[in-house]
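Biologist: I'm new to this one, so could you show me the structure and let me quiz you on the words you use for it?

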Amino acid sequence: MWFKPSGEIPAYRRPTKSTGPNQVLSALRSNAAQGEIEILGGWPGLCLELAHVARKRKRRPTNRCAQIKIMETSMIELLPLVPVDSMSSPTDNGPEAPTSQSVSRSPSFRKLMSIKRRAIAPLLGISLMYSFGVALLSGFAHDVMSTKVSGSFTLGYLLVLGIYGVCWLVAIAYVVVANRLFDSQALCVVASISGEAS
Amino acid sequence: MKLLTVAIFVVILAVTLLITYWAARKTHTTSEFYAAGGNLSARANGFALAGDWMSAAAFLGFSGLVSLYGMDGSLYAVAALAAFLVVLMVIAEPVRNTGRFTFGDVIAERMQRPSARLAAIVGTIVVNIAYMVPQMAGAGALVKLLLGVPYDIAVVLVGVGMIVYVLFGGMIATTWVQIVKAVLLLVAATVLVFMLLATVHFKPLSLFASVEKMYGAKMLSPGGYFNHPLDTLSLFISFIFGVAGLPHIMTRFYTVPDAKTARKSVLWLMFLAGSFFMVTTLIGLGSATFVGQSAIRSIDPGGNLALPLLALYLGGGAGTIGGQVFLASICAIAFAAILAVVAGLTLASSGAIAHDLYVNVIHGGKVSEVKQVRVARTATMLVGVVAVTLGLLAQGINVGVLVILAISVAASANFPIIFLSIFWRRFNTAGVIGGMTAGLVSSVALAFVGPAFMKDHALFPIVNPAIVSMPIGFLGAWIFTMLTPHTSNNNDNFDAFFVRAQTGVNIKEIAQRDRSRNA
């Protein structure tokens, strides 16, 4: 058995094309964005697809914004999707459908962009400045570059080795930051769409 | 010796054909043909990306440059890794979020105009052809040297190989051929470096010392290969921004399900290809020490065979079985590397012709799925035939300028338009066309009056024109944008595109679905 849905079964819009976990997740997100469902556990019809996502991602992606909790795959029973007719569609009498403009001006989207800027600008700036700096030195300062560091090993080679180090460290830092912050904030944007549009 | 080489060649070819056969049965839709169904894991795509990026030019070229010119070769190799910083942080995720199959998709999604897509088609074809011809010529030279097969036959062989992979197996076959090749290449490099280090008793610094002793201190300082002080900087600029504008690299991001996987696959690439580029320095210094520069030059003046010669030496030398096996395997892998890279390029070009030009520009997207796949296959044949023809014509001509051209056009024309499309609200279709034209014309013109083509009589002193032509590309994009008025339509397109590029959510689609549901 799966979790009991807390309260009534919310309206669930079946994704148009459920071809892969990503499409499913984005369909779920857009459902969440419409305020129709609050993804908190498993519902009939929903858990099957969530299980797909869980298997693909291994870890349980939790997000405080969309509050997606993915149940254990062992708890899944194969049941057909149950598209529940919409009980209250937000577009009927609720908030208006989101427009691109309203989303791009929403606080959550601005926050996403500011997170991205604050992560990317220093990482890209430092790594590019260092690389271009080494390139300029090797063009204009042959003497500096041929200074011996240890035996025949020159400062130039040390700096080139440094580019490898900088590239790798920066790339890891970026991926860690992006995985932690970008994706969850992007979910927040989606989740807040309906709220912002009203 | 020849028999052994042929045998290893045949085995590698057979493996790739098996992959193609397996992939062909899974390739039915356009999404499978162009993007392997969009379901690859980060690791698989990372290996395939590394395969794309460790072309024969990198495999043989970087170590050759190090062996003859020392540090400038190492700078070349590290630039090829630094190139992915911009791809990782600026390009990969927006491209993944907004496009379906091609570079043109991204531009068209932003501009919503067929003429903007046309500019991207031109950029794709020019870059890919300029990239492909030197690879074909390299394969011809390599096979001729190894098997004594005439150049023409070798080029046709490469052409047939790549056409078969792409025609039948599409992106699935191309991806797995890349993965196999990347693994082979990395294994070969590991074995080679291990043997090299064993020879010098695991003291890599002794290679630096021996090179200094044999060829002087200039090998360990910059300026051996580049004459102009700005050459290194321009090389870095053209790599760092050019790779972000390479259509066949962008295509790889459509094979993964989301932005997160796209970014993780770049991380894989940076470690796989990066560590390979790093050891090309050791390999180059090793071949300078053990094979000797004059021996390397006597076989190929460009130094491209430094690595195979080192393999021969480490295996036991000419005439020994170990040496022959090692040499033959290295050469067969180099050949496989070329095949895989040209297959990726063919696929990206056929996407530009079939998906962008035929389906979207000429027919406005109204072509049935079955027909689209058929057109894609026809375009593959076309691209293959053109590439083989140009490869045959390139015999004996200095194709070095084309290598520079490919990356410079990508940096000066493709990069400005994709970067501005993603980040500049005011940017419009006129700007796309202006930027493409300015970047393309300036980089082609400067490459042909530069040292790569005109040698000592060059009118323009810097080998890689990107340092000048990339600003010209941006300038062209800016001027043409400012000459045309800013419309509210353009504003809306930017909002929709920007949100989609940064979050992966298609607002327009959601709104449309709501409308149709309520109707």
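Biologist: How much surface does chain A expose, and what share do carbon and sulfur atoms supply?

Modeller: Chain A exposes about 10,100 Å², with 58% of that coming from carbon and sulfur atoms. Accessible areas are worked out by the Shrake-Rupley method with a 1.4 Å probe, and for residues only the protein chains shown count as cover. Bear in mind that this is a predicted model, where local features need pLDDT of at least 70, side-chain atom pairs count only at pLDDT 80 or more, and totals for chains, interfaces and linings use all residues. Residues are numbered from 1 along each chain as its sequence is written, chains are lettered from A and ligands numbered from 1 in the order in which they are written, and side-chain values use heavy atoms, leaving out hydrogens and water.

Biologist: What makes up the secondary structure of chain A?

Modeller: There are 7 helices and 2 strands in chain A, in the order α-α-α-α-α-α-β-β-α. Helices (H or I, at least four residues) and strands (E, at least two) are DSSP runs, numbered from the N terminus.

Biologist: Why is B:Tyr76 called buried?

Modeller: Buried means under 20% relative accessible area, exposed over 50%, and partly exposed in between (1.4 Å probe, protein chains only). B:Tyr76 has 14% relative accessibility, so it counts as buried. This residue sits in helix H5 of chain B, and its contacts include B:Phe62, B:Tyr225 and B:Asn464, not counting residues up to four places away in sequence. Contact here means heavy atoms within 4.5 Å.

Biologist: And how do you know whether B:Ser55 is buried or exposed?

Modeller: Its relative accessible area is 4%, so B:Ser55 is buried. B:Ser55 lies in the loop between helix H3 (42–53) and helix H4 (56–69) of chain B. Leaving aside neighbours within four places in sequence, B:Ser55 is in contact with B:Gln135, B:Lys181 and B:Val341.

Biologist: What makes H5(A) and H5(B) roughly antiparallel?

Modeller: Helix H5 (residues 107–140) of chain A and helix H5 (residues 71–98) of chain B pack at about 160°, with axes 11 Å apart. Axes are lines fitted to C-alpha atoms, for helices over the stretch in contact, and angles run from 0 to 180 degrees between N-to-C directions. Angles under 35 degrees count as roughly parallel, over 145 as roughly antiparallel, 65 to 115 as roughly perpendicular and the rest as oblique. H5(A) and H5(B) are therefore roughly antiparallel.
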